[in-house]
Each structure stands twice: as structure tokens, then as C-alpha cells.
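Reader: Could you take me closely through a single part of this model, the sheet and what packs on it? I would like the terms set out with their cut-offs as they come up.

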Amino acid sequence: MRNGPRVTRTRHKSLPEALDTLRRQAAELESGTPVAPAGTAFLRRYDPVSRVIGRVEVSGPRRLRGGLDVRGDGSTEAFRGRLRRTLIEQRAGESACDALARALREDAGL
């Protein structure tokens, strides 16, 4: 989990256990304080929705990689990959955490 400059790492024996921890950590980041717009008079202005304030990632065997970006307004986006991230489409009634869990289970063959 990355929250600003602070990074914490944990190890888990199974994907479901790692996904449970990911959900808890993402909820912590989402409930954090709102982020004010950033920028100066001469530079571009960044609204909270366009700023990633935290990231929770999962990596496993056979290049299993994915995670959640938590934005400054508290919204989340799920992605696959590490260097080349691909956005995971959310289905109707599905949260970003649920979409990530579905995609990682598919990738792991579960």
C-alpha cells in the first residue's frame, strides 16, 4: 500500500486473503481527508479527481499483478499490470474492489 510517500508491504498465503487485506487498506485510503486542488497560477491546476493519493497493489506468482488507485475525491479505479496498467471495466453494481477481485481470479485461473 502506498499512502503519499509512505509504503507498507504485507505477505499472504492465498489470493482471497490478499484481497481481504486490499479491501481494508483501500477503505482506509478512501476515508482519508479530502485533497484540495493543487497547482500554482503559472502551472496547470489538478483537481482532486485527477490526483492519485494512494495505491494498493497485489502481486503474485506467474506475473499476477493488479491494484486500486484511490483518487483525491475518494473514488477508486481498478487496474491490471504493473508498468503497463490496464483499466478494469466495472460491471453493473460492482465496486472497483469487486472488479479487481474478479479480474485477478480470472488471471489466476480460480
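Author: Two strands are taken to pair if DSSP finds at least two bridges between them, and the elements themselves are DSSP runs numbered from the N terminus, helices being H or I runs of at least four residues and strands E runs of at least two. This is a predicted model, in which local features need pLDDT of at least 70 and side-chain atom pairs count only at pLDDT 80 or more, while totals for chains, interfaces and linings use all residues. Residues are numbered from 1 along each chain as its sequence is written, and side-chain values use heavy atoms, with hydrogens and water left out.

Strand β1, residues 2–3, is joined to β2 by two bridges, and these strands run antiparallel; here Arg-2 stands opposite Val-7 of β2. The pair belongs to an open sheet of six strands with antiparallel pairing, in the order β2-β1-β3-β4-β5-β6. Because β2 (6–7) and β6 (86–87) stand at the edges with a single partner strand each, one side of each is left without a neighbour in the sheet.

Further along the order, β4 and β5 run antiparallel and are joined by five bridges, with Leu-68 opposite Ala-78 in β5. These strands form a hairpin that has four residues between them, and Gly-74 in its turn has a positive phi of about 95°. Strand β5 is also joined to β6, by two bridges and again in antiparallel fashion, and Phe-79 stands opposite Leu-87 in β6. The hairpin of β5 and β6 has five residues between the strands, and Gly-81 in the turn has a positive phi of about 90°.

As for what packs on the sheet, contact means heavy atoms within 4.5 Å, and axes are lines fitted to C-alpha atoms, for helices over the stretch in contact, with angles from 0 to 180 degrees between N-to-C directions. Helix α2, residues 96–108, lies across β3, β4 and β5 and runs at about 170° to β4.

Thr-21, which lies in helix α1, is buried, with a relative accessible area of 10%; buried means under 20%, exposed over 50% and partly exposed in between, with a 1.4 Å probe and protein chains only. Leaving aside residues up to four places away in sequence, Thr-21 touches Thr-10 and His-12. The side chains of Thr-21 and His-12 are also joined by a polar contact of 3.4 Å, that is, a pair of N or O atoms within 3.5 Å, where within protein one must be able to donate a hydrogen and the other to accept it, and residues adjacent in sequence count only if both atoms are side-chain atoms.
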